[in-house]
Amino acid sequence: MKQGFEKYIPFVPLKRDKRTWPDKELKKAPVWCSVDLRDGNQALIDPMNVEEKLELFHTLVDIGVKEIEVGFPSASEVEYDFLRTLIEDGHVPDDVTLQVLVQARPHLITRTFEAIRGAKHVIFHFYNSTSTLQRKVVFHTDVAGVKKIAVDAAALIYDMAQSVIASGMDLRYEYSPESFMGTEMDAAAEICAAVLDALHADADHRVILNLPTTVENCLPNYFADEIEYFIEALPGRERAIISLHPHNDRGEGVATAELGLLAGAERVEATLFGNGERTGNVDMVTLALNLFTQGVDPELDFSHINAIRDVYERCTKMKVGPRQPYVGELVFTAFSGSHQDAINKGTQYMRESGSPYWEIPYLPIDPADVGREYEPIVRINSQSGKGGAAFVMQQNFGYDLPKAMHPEFGHIVQAETERVGTELQPQRILELFQHNYIDATAPYQLIKHAFQETVDEQGKSHVRFIGTLCHTDTVFEVDGEGNGPIDAFFNAIHGQKMDRFTFVDYKEHAVSDGSDSMAVAYIQLRDKDGKDVFGVGLDHNINLAPLRGILSAINRAWMARHQGR
């Protein structure tokens, strides 16, 4: 045998002079079929028990899945008994169809008919492998041999179905040429056409032709070529519903399904979060929410995705990865500073513009649409930028820091992340904010104060500030006038050692609603060296909050000077 990459036989793509699928768009949802209880269950280290299967079944029903493959009832008594439990105990809503799987073998087909008795809506799904590799190494036969297996099974199923249908069951047929991706397309079309004939399919009684990517072995665009070619080569296309069953061996299952739909498929068999053999089946959640983000109704409800994940993890004992699309713990977070800044600006734009559309960078879907929390979108570590900490303060605690203050506070937070070496939780970021700004109450403190306001003949307001301040152990009186409380206070302290600052800007807002609301004031001062410093004041009194903010800035500048920062 050859060594390394040279021992593998490359996939040979179809030669296509014309293809139409690249110009198509996905405008509607496919028919969804869940195979969680069959394909997903058989891939578990510890298969689900009856109670777990029932819980997952009802979750799938609640999501809106109308076709559910519930097992391989001829394979074991456990599978058989579960199907009987669903039917006899009334678990199946009238608008849900049970799908059962069986190999194209007579005694298994007979057993499967016994298992479905009493069901209202059933898809009878049978299969046999058709690929060149399986024909060569497993069955030791040719195309005619695997075609005969399929046709014989189809004829038997059709004959046995007639009495069942006559009894009132809505019974439909599904055939899978297993390992379709590795089958010659002309051979696949020939085998499937013969099956359609044996099942007496017509436009009013369409058969599901399920074309499995049993083992993903080619690029998704090559697969789309196969689907388009197969549909063109299939006699009586109107007799068939073209279904896909992608696996994820190359990590391209979602792309394979989406391109297969562009190429003409109408139905997809999938599992929640991609559970299944080897690397899994295609992920129904990702496929559906991909449509959702393109303005297409997926006709499935994932508005409580965390609850769905919890049921899935509890029943299957599998874990959803933190980067799993739409549901992973970290998919609605941003650590990067540039990402955080863009998300922050996007949320501001949405608030201010009243846009009817979701237009926030780096977030392809509104987390609220899948029942996710909005607050933890931006998370802070050493990679976070100047806007991330400000975003957390605004979203979690209602502090709307002025943009000019973002770099200063961002630097404080980043220094802490580098010190501890881990992500900072929002509460810790709030503590840093309080410690560095609101608690900056020394060496200068306001002991008491009073305002006097007069209005002159021209209607202009004049405010006088009279107060007592202290600097460590020194108490002193200040007095000043201005056109408002802030101007009067700043003029009052200008004659003291605090006169090295000029006033640049301030911003003020409430941080809570109702009678207990607090006013927060952000003050920007500039010292004689041209360096800006910020202070924050918090108080129930709207006039006092800015004064506390001014002292906060002055105290922070004093501490920085005396600590050599």
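This briefing walks through a few salt bridges, one buried glutamate and one strand hairpin. Please keep in mind that the model is a predicted one. The structure holds 39 salt bridges, and three of them are described below, followed by the surroundings of Glu228 and the pairing of strands 13 and 14.

**Salt bridge between helices 2 and 3**
- Glu79 and Lys53 form a salt bridge, with their closest N and O atoms 2.6 Å apart.
- This pair links distant parts of the chain, as Glu79 sits in helix 3 (residues 77-88) and Lys53 in helix 2 (residues 50-63), 26 residues apart.
- Glu79 and Lys53 are both buried.

**Salt bridge between helices 6 and 7**
- Glu190 pairs with Lys147 in a salt bridge whose closest N and O atoms are 3.2 Å apart.
- Here, too, distant parts of the chain are linked: Glu190 belongs to helix 7 (residues 185-198) and Lys147 to helix 6 (residues 143-166), 43 residues apart.
- Glu190 has a relative accessible area of 39%, so it counts as partly exposed.
- Lys147 is also partly exposed, with a relative accessible area of 25%.

**Salt bridge between strands 5 and 8, and its network**
- Arg267 forms a salt bridge with Glu174, and the closest N and O atoms are 3.5 Å apart.
- The two residues connect distant parts of the chain, with Arg267 in strand 8 (residues 267-270) and Glu174 in strand 5 (residues 170-178), 93 residues apart.
- Arg267 is buried because its relative accessible area is 1%, under the 20% cut-off.
- Glu174 counts as buried as well, at 0% relative accessibility.
- Through salt bridges that share partners, Glu67, Arg172, Glu174, Arg267 and Glu269 are joined into one network.

**Glu228 and its surroundings**
- Glu228 lies in helix 8 (residues 220-233).
- With 5% relative accessibility, Glu228 counts as buried.
- Its side chain makes a polar contact of 2.6 Å with the side chain of Thr20.
- Leaving aside residues up to four places away in sequence, Glu228 touches Arg16, Lys18, Arg19, Thr20, Trp21 and Ala263.

**The hairpin of strands 13 and 14**
- Strand 13 (residues 519-527) runs antiparallel to strand 14, and 8 bridges join the two.
- One of these pairings is between Ile523 and its bridge partner Gly535 in strand 14.
- The two strands form a hairpin with 4 residues between them, and in the turn Gly530 has a positive phi of about 85°.
- Strand 14 (residues 532-539) is mostly covered, with 6 of its 8 residues buried.

Note on methods
Residues are numbered from 1 along each chain as its sequence is written. This is a predicted model: local features need pLDDT of at least 70, side-chain atom pairs count only at pLDDT 80 or more; totals for chains, interfaces and linings use all residues. Side-chain values use heavy atoms; hydrogens and water are left out. Buried means under 20% relative accessible area, exposed over 50%, partly exposed in between (1.4 Å probe, protein chains only). A polar contact is a pair of N or O atoms within 3.5 Å; within protein, one must be able to donate a hydrogen and the other to accept it, and residues adjacent in sequence count only if both atoms are side-chain atoms. Contact means heavy atoms within 4.5 Å. Two strands pair if DSSP finds at least two bridges between them. A salt bridge is a side-chain nitrogen of Lys or Arg within 4 Å of a carboxyl oxygen of Asp or Glu.
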